[in-house]
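I opened this notebook to keep track of what I looked up, one topic at a time. The entries follow the order in which I checked things.

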Amino acid sequence: MKMKKVIYCLMALLLVVSSSCEKEKTDYVQKVVGNYDVKITPNLNVNYGNSSVPIYAETVETNLSVTKKDDDGNVIVTVENVNGLINELVFDAYCDGLGMKMENNHYEGVINTVQYGIVECDINLKNPTVSIYNSGVLSWESTVSGTCEINISGLDNEICNVSGNIRFEATEK
């Protein structure tokens, strides 16, 4: 009989202790909000005729900011434009315990290439979930598909299909 009372008392104590403990809520948005230096490296190919031609583009160094959008974990990632090299990029994202989930988006603007100069692009970016484990560094690779206007043959500009990826490496300031 005493043993039953001891067990019931221990169970009651365990119930009181477990109900009074509240898990600390992690603010995943605060892990990424801030200003970053970013390097953007395009690795693209255009389909011209029956062949695929690589486009060698310069690595662009600019600024990236992550700002809180609301209290539900949503953020906006903005990459500043660099005149003649790349236009502004804006990504909607959601932060949780798995990382920063970036929505797919569209980019209509320029990319400066080594051999063809400025290329007008109309591309879709398929974006991944970005690890926020080390919040001082954000890096990801977006898959690219779409079209670009390029002067390959030295005559008129051609609209070609483009594919490849764009690598983003951001380091907190």
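Entry 1, the largest cavity. I listed the residues that line the largest cavity and found Pro-42, Glu-58, Val-60, Leu-85, Ile-86, Ile-111 and Asn-112. I note here that I am working with a predicted model. Sorted by type, this lining divides into 5 nonpolar residues, 1 polar and 1 charged. I then looked up the volume of the largest cavity, which is about 40 Å³. How many cavities of 30 Å³ or more are there? I wrote down a count of 1.

Entry 2, the overall layout. I counted the elements next and have 2 helices and 11 strands for the protein. Reading along the sequence, I get the pattern α-α-β-β-β-β-β-β-β-β-β-β-β.

Entry 3, strand β7. Two of the cavity-lining residues, Ile-111 and Asn-112, sent me to strand β7, which spans residues 105-113. Is β7 enclosed by the rest of the structure or open? I found that 7 of its 9 residues are buried, so I put β7 down as largely enclosed by the rest of the structure. For this step I took buried to mean under 20% relative accessible area.

Entry 4, the partner of β7. I looked for a strand that pairs with β7 and noted β8, residues 117-126. The two run in the antiparallel sense, and I recorded 9 bridges between them. What joins β7 to β8? I have a hairpin of 3 residues as the connection. For one bridge, I looked up Val-110 and found Glu-120 of β8 as its partner.

Entry 5, a loop residue. I moved on to Asp-71, which I placed in the loop between β3 (60-68) and β4 (74-79). Is Asp-71 buried or exposed? Its relative accessible area is 69%, so I entered Asp-71 as exposed; the cut-off for that word is over 50%. I also checked Asp-71 against Asp-27: they are 44 residues apart in sequence, and their C-alpha atoms are 9.7 Å apart in space.

Entry 6, totals. I finished with values for the whole protein. Of its 173 residues, buried ones make up 32%. The accessible surface comes to about 10,700 Å², and I noted that 50% of it belongs to carbon and sulfur atoms. Last, I looked at contacts between residues at least 6 apart in sequence: 51% of these join residues at least 24 apart.

Methods. Residues are numbered from 1 along each chain as its sequence is written. This is a predicted model: local features need pLDDT of at least 70, side-chain atom pairs count only at pLDDT 80 or more; totals for chains, interfaces and linings use all residues. Side-chain values use heavy atoms; hydrogens and water are left out. Buried means under 20% relative accessible area, exposed over 50%, partly exposed in between (1.4 Å probe, protein chains only). Two strands pair if DSSP finds at least two bridges between them. Contact means heavy atoms within 4.5 Å. Accessible areas come from the Shrake-Rupley method with a 1.4 Å probe; for residues, only the protein chains shown count as cover. On a 1 Å grid over the protein atoms alone, a cavity is a set of points where a 1.4 Å probe fits but cannot get out, and a pocket is an open set with protein on both sides within 12 Å along at least five of seven lines; lining residues have an atom within 4 Å of a point. Grid points are joined across faces, edges and corners, and a volume is the space filled by probe spheres set on the points. Ala, Val, Leu, Ile, Met, Phe, Trp, Tyr, Cys and Pro count as nonpolar, Asp, Glu, Lys and Arg as charged, and the others, Gly among them, as polar.
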